[in-house]
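Hi,

Here is the structure I promised to pass on. Have a look at it first, and then read my notes underneath.

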Amino acid sequence: MNPKSANALSWTAAILVILGLSLTSPSGTFALLILAAICAAVPAIFASKRPRVFSIVLLLAAVALTANFYPAFKRDQDTYAKQVKERAAKNQATSGNKQ
């Protein structure tokens, strides 16, 4: 793997982890941490020594943080799904009365 590409992916993963931790949205945090893990996985597998070690550390951090944020993400998604179902039922009830 090209060393410049490995470094770019490693730093991208580091930035994504930092951005993910700065968000207040559990869904946004979870998405950015997944993206960081993907960006760190490629150089962790294919890069040479120094970028590989840095990427492995970032990959482990991203995976650990993703696992830590998953319960909040799940609650957020369940709440969102419940709101959408309630809104759809309300819209269906009001549109049925107009006909």
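Let me start with the rings: Phe-30, Tyr-70 and Phe-73 form one aromatic cluster. Bear in mind as you read that this is a predicted model, and that every value below is computed from it.

Within that cluster, take the pair made by Phe-30 and Tyr-70. Their ring centres are 5.8 Å apart and the planes sit at 55°, which makes the pair tilted. Phe-30 belongs to helix α2 and Tyr-70 to helix α3, so this pair ties together parts that are 40 residues apart in sequence. The two partners also differ in how much of them is covered. Phe-30 counts as buried, because its relative accessibility is 15% and the cut-off for buried is under 20%. Tyr-70 has 40% relative accessibility, so this residue counts as partly exposed.

While you have Phe-30 on screen, find Lys-74 too. Lys-74 lies in helix α3 and is partly exposed, with a relative accessible area of 40%. From Lys-74 to Phe-30 the C-alpha distance is 9.8 Å, although 44 residues separate them in sequence.

How many aromatic pairs does the count come to? The total is four. Another one joins Trp-11 and Phe-54: the centres are 5.2 Å apart and the planes are at 50°, so this pair is tilted. Trp-11 is in helix α1 and Phe-54 in helix α3, so here the parts tied together are 43 residues apart in sequence. Is Trp-11 buried or exposed? With 53% relative accessibility, Trp-11 counts as exposed, since the cut-off for that is over 50%. Phe-54, at 30%, counts as partly exposed.

Phe-54 also leads towards the core. Ala-14 touches both Phe-54 and Leu-58, leaving out residues up to four places away in sequence. Ala-14 and Leu-58 are both members of the largest nonpolar core, which has eleven residues in all. The others are Ala-13, Leu-16, Val-17, Leu-33, Ala-36, Ala-37, Cys-39, Ala-40 and Ala-62. Each of α1 (3–22), α2 (26–46) and α3 (49–98) supplies at least two residues of this core. Which helix gives the most? That is α2, with five residues. As general background, nonpolar side chains tend to be buried together in soluble globular proteins.

Next, how do α1 and α2 lie against each other? Their axes come within 8 Å and cross at roughly 160°. Angles over 145 degrees count as roughly antiparallel, and α1 and α2 are therefore roughly antiparallel to each other. The crossing of these two helices is left-handed. If you want to colour the contact, the α1 side is Ala-6, Leu-9, Ser-10, Thr-12, Ala-13, Leu-16, Val-17, Leu-19 and Gly-20. On the α2 side, the residues they meet are Thr-29, Leu-32, Leu-33, Leu-35, Ala-36, Cys-39, Ala-40, Val-42 and Pro-43.

Thr-29, from that list, deserves its own view. Thr-29 sits in helix α2 and is buried, with a relative accessible area of 1%. Its contacts are Gly-20, Leu-23 and Phe-69, not counting residues up to four places away in sequence. Now pick Gln-92, which is found in helix α3 and is exposed, with a relative accessible area of 61%. Gln-92 and Thr-29 are 33 Å apart, C-alpha to C-alpha, and 63 residues apart in sequence.

Two further distances may help you get your bearings:

- Gly-28, in helix α2, is partly exposed at 21% relative accessibility. Its C-alpha is 31 Å from that of Ser-48, and the two are 20 residues apart in sequence.
- Ile-34, also found in helix α2, is partly exposed, with a relative accessible area of 35%. The C-alpha atoms of Ile-34 and Arg-87 are separated by 30 Å, with their positions 53 residues apart along the chain.

If you open just one view, I would begin with Phe-30, Tyr-70 and Phe-73, the aromatic cluster, and then go on to the meeting of α1 and α2.

Cheers

How values were computed
Residues are numbered from 1 along each chain as its sequence is written. This is a predicted model: local features need pLDDT of at least 70, side-chain atom pairs count only at pLDDT 80 or more; totals for chains, interfaces and linings use all residues. Side-chain values use heavy atoms; hydrogens and water are left out. A nonpolar core is a set of buried Ala, Val, Leu, Ile, Met, Phe, Trp, Tyr and Cys residues joined through side-chain atoms within 4.5 Å. Buried means under 20% relative accessible area, exposed over 50%, partly exposed in between (1.4 Å probe, protein chains only). Helices (H or I, at least four residues) and strands (E, at least two) are DSSP runs, numbered from the N terminus. Contact means heavy atoms within 4.5 Å. Rings of Phe, Tyr and Trp (its six-membered ring) pair if their centres lie within 6.5 Å; planes under 30 degrees apart count as stacked, over 60 as edge-to-face and the rest as tilted. Axes are lines fitted to C-alpha atoms, for helices over the stretch in contact, and angles run from 0 to 180 degrees between N-to-C directions. Angles under 35 degrees count as roughly parallel, over 145 as roughly antiparallel, 65 to 115 as roughly perpendicular and the rest as oblique. A crossing is left-handed if the near helix is turned anticlockwise from the far one by less than a right angle, and right-handed if clockwise.
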